[in-house]
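Here is a walk through one protein fold, written for someone who would rather look at side chains than at statistics. Keep the viewer open while you read.

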Amino acid sequence: MQWKRTGETAMRCEPWTIARVTVRGINLYELWHDKQPASVGCFGVYQSFDQAKQAAAQAEEDGVL
């Protein structure tokens, strides 16, 4: 998977996006998939970019979404 920076706090590897968010002073990484509506929420929230990236890779392997 080839990740590219799309903004100051986001990386993209279609169909996945990882966005860094700060909640109560703590950086978290939300994993989003293009097929999952925003109303449902993100695919997952992780402690690091690497964890979010691994979750995307695993979901691809498992055929999730």
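What follows goes from the sheet to the helix, and then to the aromatic pairs. Bear in mind that this is a predicted model.

Let's start with the sheet. Five strands make up an open, antiparallel sheet, and they run in the order β1-β2-β3-β4-β5. At the edges sit β1 and β5, each of which has a pairing partner on one side only. From one strand to the next, the twist averages 30 degrees.

Zoom in on β3 and β4, which pair in the antiparallel sense over eight bridges. Here you'll find Ile18 standing opposite Leu31 of β4. The helix α1 packs on this sheet and touches β2 (10-13), β3, β4 and β5. The direction of α1 makes about 145 degrees with that of β3.

Leu31 is a handy residue to click on. It lies in strand β4, and with 0% relative accessibility it counts as buried, because the cut-off for that is under 20%. Leaving aside residues up to four places away in sequence, Leu31 touches Trp16, Thr17, Ile18, Cys42, Phe43, Gly44, Tyr46, Ala52, Ala55 and Ala56. If you'd like a distance to check in your viewer, the C-alpha atoms of Leu31 and Ala10 are separated by 9.9 Å, with their positions 21 residues apart along the chain.

Now for the helix. α1 has 14 residues and spans 20 Å from its first C-alpha to its last, close to the 20 Å expected at 1.5 Å a residue. Which residues of α1 are buried? They are Ala52, Ala55, Ala56 and Ala59. These alanines cover an arc of only 100 degrees around the axis, so they end up on the same side of α1. That buried set packs against β3, β4 and β5. Turn the helix around and you'll see Gln54 and Glu61 exposed on the other side. Just after α1 comes Gly63, with a positive phi of about 75 degrees.

On to the rings: the structure holds two aromatic pairs.

| Pair | Distance between ring centres | Angle between planes | Arrangement |
|---|---|---|---|
| Trp3 and Phe49 | 5.8 Å | 80 degrees | edge-to-face |
| Trp16 and Phe43 | 5.1 Å | 80 degrees | edge-to-face |

Why is the Trp3 and Phe49 pair called edge-to-face? Its planes are at 80 degrees, and anything over 60 counts as edge-to-face, so the label follows. This pair links distant parts of the chain: Trp3 is in the segment before β1 (4-7), while Phe49 belongs to helix α1 (residues 49-62), 46 residues apart. Trp3 is buried, with a relative accessible area of 13%, whereas Phe49 is partly exposed at 21%.

The rings of Trp16 and Phe43 also have their planes at 80 degrees, so that pair is edge-to-face as well. Distant parts of the chain are linked here too, with Trp16 in strand β3 (residues 16-23) and Phe43 in the loop between β4 (26-33) and β5 (44-46), 27 residues apart. Trp16 counts as buried at 0% relative accessibility. Phe43, on the other hand, is partly exposed, with a relative accessible area of 26%. Both members of this pair are also among the residues that Leu31 touches.

Conventions
Residues are numbered from 1 along each chain as its sequence is written. This is a predicted model: local features need pLDDT of at least 70, side-chain atom pairs count only at pLDDT 80 or more; totals for chains, interfaces and linings use all residues. Side-chain values use heavy atoms; hydrogens and water are left out. Rings of Phe, Tyr and Trp (its six-membered ring) pair if their centres lie within 6.5 Å; planes under 30 degrees apart count as stacked, over 60 as edge-to-face and the rest as tilted. Helices (H or I, at least four residues) and strands (E, at least two) are DSSP runs, numbered from the N terminus. Buried means under 20% relative accessible area, exposed over 50%, partly exposed in between (1.4 Å probe, protein chains only). Contact means heavy atoms within 4.5 Å. Two strands pair if DSSP finds at least two bridges between them. Axes are lines fitted to C-alpha atoms, for helices over the stretch in contact, and angles run from 0 to 180 degrees between N-to-C directions. The expected span of a helix is 1.5 Å times one less than its number of residues. The arc is that of the directions from the helix axis to the C-beta atoms.
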